[in-house]
Amino acid sequence: MNLNGKNAIVTGGGRGLGKAVALALAHEGVNIGITGRNEDNLKKTVEEITRLGVHATYAVFSIDDEQAVHKGIASLAETLGSIDILVNNAGIGDFGSIEGMPSETWQQVIKTNLFGVYYAAKAVYPFMKEKGQGDIVNVASTAGLKGGPNMSAYAASKAAVVSLSQSMMAEWRKQNIRVITLTPSTIASDMSIQGGLTDGNPEKVLQPEDFAEWVRDILKMNRRALIANGSIFSTNP
């Protein structure tokens, strides 16, 4: 399917996975709206996207603030003209033992990673419903399929995203809205490298560009086809 001329919002699009996805879609002729908290990163990424010949804009807000999310999404929709694609990428990864992690930190991971997906999807839904179609890509993690030590908050948040995303798919697919749940393994993002999950070796470890190509290819499938969920791993990390 040709993506040229479609409009996409990528949360957490100023760097890392979000930026890679935004650039991959822009190369297909997709107009891009990115969100995040660091305005400098967003401005630089918008400038890079614009050089590809598509329209690009940004909105600064925290994904865990429902009112700010709705206001920011509405602003992006007005600037872009419509919303065809949402990539729910924004998230945080704080790691530590159940005993040692402060409750406030644990709760913030849940609020950002779970409620952020919920807020953004709920904000774009009216636009997609009005158009009679759309695509929502919710980025979970293999950690949400199987938890491990020192990742209770992150794993729980991503497991909840998987379940929430499945409910979205069940409710919205009859309106031609494809809800896609992706569970990537460790990717060489800033979060995973800084968290000590990987050394990011580009010869062996998944890179943000690999993930972005995967998202792009799924979105290009004929609209009669829905990839309900999928995982991606490094071959031999």
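**Aromatic pairs and helix packing**

At 18% relative accessibility, W214 falls under the 20% cut-off, so this tryptophan counts as buried in the predicted model. F211 sits at 1% relative accessibility and therefore counts as buried too. The two residues belong to helix α7 (residues 208–219), where a spacing of 3 residues puts about one helical turn between them.

A search of the whole structure for ring pairs turns up 5 aromatic pairs. One of these joins Y125 and W172, and here the rings are stacked, with 4.3 Å from centre to centre and 15° between the planes. Y125 comes from helix α4 (residues 103–131) and W172 from helix α5 (residues 152–172), so this pair ties together parts of the chain that are 47 residues apart in sequence. Y125 and W172 are both buried. As for F211 and W214, their ring centres are 5.9 Å apart and their planes meet at 70°, so that pair is edge-to-face. Elsewhere, ring pairs link F115, Y118 and Y119 into a cluster.

Now for the helices that carry these rings. α4 and α5 pack with their axes 8 Å apart and at an angle of about 20°, which means that α4 runs roughly parallel to α5. The crossing of α4 past α5 is right-handed. On the α4 side, the contact is made by W106, V109, I110, N113, L114, V117, Y118, A121 and Y125. The α5 side supplies S152, A153, Y154, A156, S157, K158, A160, V161, L164, M168 and W172. So both partners of the stacked pair, Y125 and W172, turn up in this contact, and Y118 of the ring cluster is there as well. Sorted by class, the contact of α4 with α5 comes out at 16 nonpolar, 3 polar and 1 charged residues.

α7 has a packing partner of its own in helix α1 (residues 16–27): the axes of α1 and α7 are 8 Å apart, at an angle of about 45°. That angle makes α1 oblique to α7. Here, too, the crossing is right-handed, with α1 passing α7. From α1, the residues involved are G16, L17, A20, V21, A24 and L25; they meet P208, E209, F211, A212, V215, R216 and L219 of α7. By class, the contact of α1 with α7 has 10 nonpolar, 1 polar and 2 charged residues. F211 thus appears both in the edge-to-face pair with W214 and among the α7 residues that meet α1.

Note on methods:
Residues are numbered from 1 along each chain as its sequence is written. This is a predicted model: local features need pLDDT of at least 70, side-chain atom pairs count only at pLDDT 80 or more; totals for chains, interfaces and linings use all residues. Side-chain values use heavy atoms; hydrogens and water are left out. Rings of Phe, Tyr and Trp (its six-membered ring) pair if their centres lie within 6.5 Å; planes under 30 degrees apart count as stacked, over 60 as edge-to-face and the rest as tilted. Helices (H or I, at least four residues) and strands (E, at least two) are DSSP runs, numbered from the N terminus. Buried means under 20% relative accessible area, exposed over 50%, partly exposed in between (1.4 Å probe, protein chains only). Axes are lines fitted to C-alpha atoms, for helices over the stretch in contact, and angles run from 0 to 180 degrees between N-to-C directions. Angles under 35 degrees count as roughly parallel, over 145 as roughly antiparallel, 65 to 115 as roughly perpendicular and the rest as oblique. A crossing is left-handed if the near helix is turned anticlockwise from the far one by less than a right angle, and right-handed if clockwise. Contact means heavy atoms within 4.5 Å. Ala, Val, Leu, Ile, Met, Phe, Trp, Tyr, Cys and Pro count as nonpolar, Asp, Glu, Lys and Arg as charged, and the others, Gly among them, as polar.
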